[in-house]
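Reader: Hey, I'm new to reading protein models. Could you walk me through one?
Author: Sure, let's bring it up and go piece by piece.

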Amino acid sequence: MSDQTQVEVVKPARALARKYLEPILFLGDRMAIVDGENVPKERKILDWLADGAGIKSFRHEKWYREMNEQKAIAALDIDSAKMGALVTISLVLKADFERKDAEFELFTKLRKMLKAAPIAVPIDLDEHKALAMKYFSQR
């Protein structure tokens, strides 16, 4: 697929299994801190998604401490998990109103590591949040 072709994101039929949500949360957290800034809105979005999946204390769990980008990408071995990751990290990126080049560079790097085409997500933040939550919970 061409790097310029955008894929429209569709709502998943059901939430992803925890084994996929853990690496997605890790990657989302990486996106939140890559610029060296502590943007509370980015962390709150990840906490909200994690709470929806019943893993709110994810940053304190053993799997989180043992995770790295390569392990996280390798764990996302199905298309819906890859799409969930892209929806999530793009939501974290959107939550930071003062985005830095490091954030765009990490997003692009992760998307390429996932071997995924660019995605088209809702422009509206609340719609994007609702879409992301569909990957984490059916609430």
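Author: One term before we start: the helices are DSSP runs of at least four residues, numbered from the N terminus. Also keep in mind that this is a predicted model.

Reader: Got it. Where does Arg-59 lie?
Author: Arg-59 is in a loop, the one between helix H2 (40–52) and helix H3 (62–66).

Reader: Is Arg-59 buried or exposed?
Author: Arg-59 is buried: its relative accessible area is 16%, and that counts as buried because the cut-off is under 20%.

Reader: OK, and what does Arg-59 touch?
Author: Leaving out residues up to four places away in sequence, Arg-59 touches Asp-29, Arg-43, Leu-46, Asp-47 and Tyr-64. With Asp-47 there is a polar contact between the two side chains, at 2.5 Å.

Reader: What does Arg-59 form with Asp-29?
Author: Those two form a salt bridge, and the closest N and O atoms are 3.1 Å apart. The pair links distant parts of the chain, since Asp-29 sits in helix H1 and Arg-59 in the loop between H2 and H3, 30 residues apart. Asp-29 is buried, and so is Arg-59.

Reader: How many salt bridges are there?
Author: The count comes to 7. As background, side chains of opposite charge can pair when their charged atoms come close.

Reader: Can you show me another one?
Author: Try Glu-66 and Lys-62, whose closest N and O atoms are 3.6 Å apart in their salt bridge. Both residues lie in helix H3, 4 residues apart, which is about one turn of the helix.

Reader: Are Glu-66 and Lys-62 buried or exposed? Start with Lys-62.
Author: Lys-62 is exposed, with a relative accessible area of 55%. Glu-66 is partly exposed, at 43%.

Reader: And which parts does the pair of Lys-109 and Glu-69 tie together?
Author: The side chains of Lys-109 and Glu-69 meet in a salt bridge at 2.8 Å, N to O. Lys-109 is in helix H6 and Glu-69 is in helix H4, so this pair ties together parts that are 40 residues apart in sequence. Glu-69 is buried, with a relative accessible area of 8%, while Lys-109 is partly exposed at 40%.

Reader: Which residues do shared salt-bridge partners join into one network?
Author: Arg-18, Glu-22 and Glu-61.

Reader: Switching topic: how many aromatic pairs does the structure hold?
Author: It holds 3 aromatic pairs. In one of them, the rings of Phe-26 and Tyr-64 have centres 5.6 Å apart and planes at 65 degrees, so the pair is edge-to-face. Phe-26 lies in helix H1 and Tyr-64 in helix H3, so the pair ties together parts 38 residues apart in sequence. Both Phe-26 and Tyr-64 are buried.

Reader: Why is the pair of Trp-63 and Tyr-64 edge-to-face?
Author: The planes of the Trp-63 and Tyr-64 rings are at 80 degrees, with the centres 5.9 Å apart, so this pair is edge-to-face. The cut-off for that label is planes over 60 degrees apart. Trp-63 and Tyr-64 are both buried.

Reader: Which residues do the ring pairs link into a cluster?
Author: Phe-26, Phe-58, Trp-63 and Tyr-64.

Reader: What sits over the ring of Trp-48?
Author: The charged end of Lys-129 does, 5.2 Å from the ring's centre.

Reader: Cool. Now the nonpolar core: which residues touch the most other members?
Author: The largest nonpolar core has 44 residues, and Leu-27, Leu-76, Val-87, Tyr-135 and Phe-136 touch the most other members. Elements giving two or more residues to this core include helix H1 (18–33), helix H5 (79–95) and helix H7 (125–136). H5 gives the largest share, 10 residues.

Reader: What does Leu-27 touch?
Author: Not counting residues up to four places away in sequence, Leu-27 touches Glu-69, Ala-72, Ile-73, Leu-76, Ile-89 and Leu-110. We met Glu-69 earlier, as the salt-bridge partner of Lys-109.

Reader: Last one: where is Gly-52 found?
Author: Gly-52 is in helix H2, and it is buried, with a relative accessible area of 17%. The C-alpha atoms of Gly-52 and Lys-134 are separated by 9.3 Å, although these residues are 82 residues apart along the chain.

Notes. Residues are numbered from 1 along each chain as its sequence is written. This is a predicted model: local features need pLDDT of at least 70, side-chain atom pairs count only at pLDDT 80 or more; totals for chains, interfaces and linings use all residues. Side-chain values use heavy atoms; hydrogens and water are left out. Buried means under 20% relative accessible area, exposed over 50%, partly exposed in between (1.4 Å probe, protein chains only). A polar contact is a pair of N or O atoms within 3.5 Å; within protein, one must be able to donate a hydrogen and the other to accept it, and residues adjacent in sequence count only if both atoms are side-chain atoms. Contact means heavy atoms within 4.5 Å. A nonpolar core is a set of buried Ala, Val, Leu, Ile, Met, Phe, Trp, Tyr and Cys residues joined through side-chain atoms within 4.5 Å. Rings of Phe, Tyr and Trp (its six-membered ring) pair if their centres lie within 6.5 Å; planes under 30 degrees apart count as stacked, over 60 as edge-to-face and the rest as tilted. A charge sits over a ring if NZ of Lys or CZ of Arg is within 6 Å of the ring centre and within 35 degrees of the ring normal. A salt bridge is a side-chain nitrogen of Lys or Arg within 4 Å of a carboxyl oxygen of Asp or Glu.
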